[in-house]
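Hi,

Here is the structure I said I would pass on. Have a look at it first, and then read my notes below.

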Amino acid sequence: MLELGRLDDLPLDYRDALCAQNLVPLWPSLRAVLPPGKPMPRTRPTHWSYEALRPLLMQAGELTPIAKAERRVLVLANPGHGLEKMQASAAIYLGMQLLLPGEVAPAHRHTPNAVRLIVEGEGAYSTVDGEKCEMRRGDLILTPTGLWHEHGHEGDAPVVWLDVLDLPLVYYMEASYVEEGELQSVAGDGGARAYARGGVVPSPLFERRDARYPMLHYPWAEVRVALETLAEAEPGLDAVQVAYINPENGGDCENILGFFALMLRPGETLALPARSPAAVFHLIEGAATAEIDGQTLTLAEADTCCAPGFARVTLSNGSATEPAFLFIADESPLHKKLGVYEVRP
Ligand SMILES: [Fe+2]
């Protein structure tokens, strides 16, 4: 590919004259913004150990009362983007949030979409759009764009969850903002029971629901059974994987990020296709390794890692006798909507 002229090749007075008119020559930056063949991601393969971050998160609980934090979160930041950017990838934000017994994280709503994957503890809940979603290890709870949500804790031990948001993208679009609200009154359980069985949906007097977010709570107990049943029913499957969807229309459960659960069968090694979106892997149960572009990351339970788009990712179950279960978040709904989604062999 032809080497292009550099900024230094241009006379200083010419560059100053461009600056004075708010003008920039394209050719010195052309190869950076349009690299040949594939993107040059800032996102780096990165591993966040739960064992290492947990004491620091608990320390935040002592150092900063909830009233001074509103959301007591340590952000899992990708060094490739610079830690201050608080990004795991171009579109994904990750945070580990701590709620202590008796604390309340007050009601708000915002334009970025969020989900939380419960990592530790019992007795806490999120109220989302008036529906009370009880938190248990591995549960997925949605707080989509514009829906009121608050968190409370009626248990007696710390509760920790992993927040996954499309904040970097929405912020980049200059569309990110929050509103504060009043404590919500509660009715319903986030659809956890109404949509607990696949293949049937509520249809009172022949009418289907057309709510954009009919299901807000996906209990891990149900998802785990779905994976185990799938593994048994179809032993020849390439991968034992399920997607978190809107059960009324089969579409992605949120607009920008996609969410999946994967079971690695005992001893299984699984090479993922190279795809354009970045992805995040969080180990719910078991022991696994993630080899990302030649780097081997060893995941213990509750560990999280991320892979840039087009990365070569191979996941292996470290146990020959027990399954391993992973939660996956990626940017695929965004890439598909924008028409830039690619899978390469
Ligand atoms: Fe929020």
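Strand β5 (residues 114-120) and β10 pair in the antiparallel sense, with 6 bridges between them. If you want a residue pair to find the place by, Ala114 sits opposite Leu165 in β10. Before I go on, please keep in mind that this is a predicted model.

These two strands belong to an open sheet of 6 strands, in the order β2-β3-β10-β5-β8-β12, with antiparallel pairing. The edges are taken by β2 and β12 (217-218), and each has a single partner strand, so one side of each is left without a neighbour in the sheet.

β3 is worth a stop. On its one flank, strand β2 (residues 73-75) runs antiparallel to β3 and is joined to it by 3 bridges. On the other, β3 pairs with strand β10 (residues 159-165), again in the antiparallel sense, over 7 bridges. Gln97 is a handy marker here: Val73 stands opposite Gln97, and in β10 the bridge partner of Gln97 is Trp161.

How many of the 7 residues of strand β3 (residues 93-99) are buried? The count is 7 of the 7, so the strand is largely enclosed by the rest of the structure. Both faces are covered: Tyr93, Gly95, Gln97 and Leu99 are buried on one side, and Leu94, Met96 and Leu98 on the other. Helix α3 (residues 50-63) lies across β2, β3, β5 and β10, and runs at about 55° to β3.

Now the other sheet I looked at, and the metal. This one is an open sheet of 5 strands, ordered β7-β6-β9-β4-β11, and the pairing is antiparallel. Here β7 (131-134) and β11 (178-180) are the edge strands; each has a single partner strand, so one side of each has no neighbour in the sheet. On average, neighbouring strands of this sheet are turned by 30° against each other, direction ignored.

Inside it, strand β4 (residues 104-110) pairs with strand β9 (residues 149-153) in the antiparallel sense over 3 bridges. His108 stands opposite His149 in β9, and both names come back at the metal.

Which residues coordinate the iron ion? They are His108, His110 and His149, each through NE2, at 2.1 to 2.2 Å. Along the sequence, the spacing of the donor residues reads H-x1-H-x38-H. His108 and His110 are both buried.

On to the aromatics. There are 4 aromatic pairs in the count. In one of them, the ring centres of Trp220 and Phe325 are 5.5 Å apart and the planes are at 80°, so the pair is edge-to-face. Trp220 is in helix α6 (residues 220-233) and Phe325 in strand β22, so this pair ties together parts that are 105 residues apart in sequence. Both rings belong to buried residues: Trp220 has 5% relative accessibility, and Phe325 has 0%.

Tyr244 and Phe327 make another pair, with centres 6.2 Å apart and planes at 70°, so that one is edge-to-face too. Tyr244 lies in the loop between β13 (240-243) and β14 (258-264) and Phe327 in strand β22, so the parts tied together are 83 residues apart in sequence. Tyr244 is buried, with a relative accessible area of 4%, and Phe327 is buried as well, at 1%. Ring pairs also link Tyr218, Tyr244, Phe259 and Phe327 into a cluster.

One last spot, just ahead of β22 in the chain: Ser319, in the loop between β21 (313-317) and β22 (324-330). Is Ser319 buried or exposed? With a relative accessible area of 18%, Ser319 falls under the 20% limit, so it counts as buried. The side chain of Ser319 reaches the backbone nitrogen of Thr321 at 3.1 Å. Leaving out neighbours within four places in sequence, Ser319 is in contact with Pro266, Gly267 and Ala287.

That's it from me for now.

Cheers

Key: Residues are numbered from 1 along each chain as its sequence is written. Side-chain values use heavy atoms; hydrogens and water are left out. Donors are N, O and S atoms within 2.8 Å of the metal (3.2 Å for Na, K and Ca); water is not among the atoms, so sites may look incomplete. Buried means under 20% relative accessible area, exposed over 50%, partly exposed in between (1.4 Å probe, protein chains only). Helices (H or I, at least four residues) and strands (E, at least two) are DSSP runs, numbered from the N terminus. A polar contact is a pair of N or O atoms within 3.5 Å; within protein, one must be able to donate a hydrogen and the other to accept it, and residues adjacent in sequence count only if both atoms are side-chain atoms. Contact means heavy atoms within 4.5 Å. Two strands pair if DSSP finds at least two bridges between them. Axes are lines fitted to C-alpha atoms, for helices over the stretch in contact, and angles run from 0 to 180 degrees between N-to-C directions. Rings of Phe, Tyr and Trp (its six-membered ring) pair if their centres lie within 6.5 Å; planes under 30 degrees apart count as stacked, over 60 as edge-to-face and the rest as tilted.
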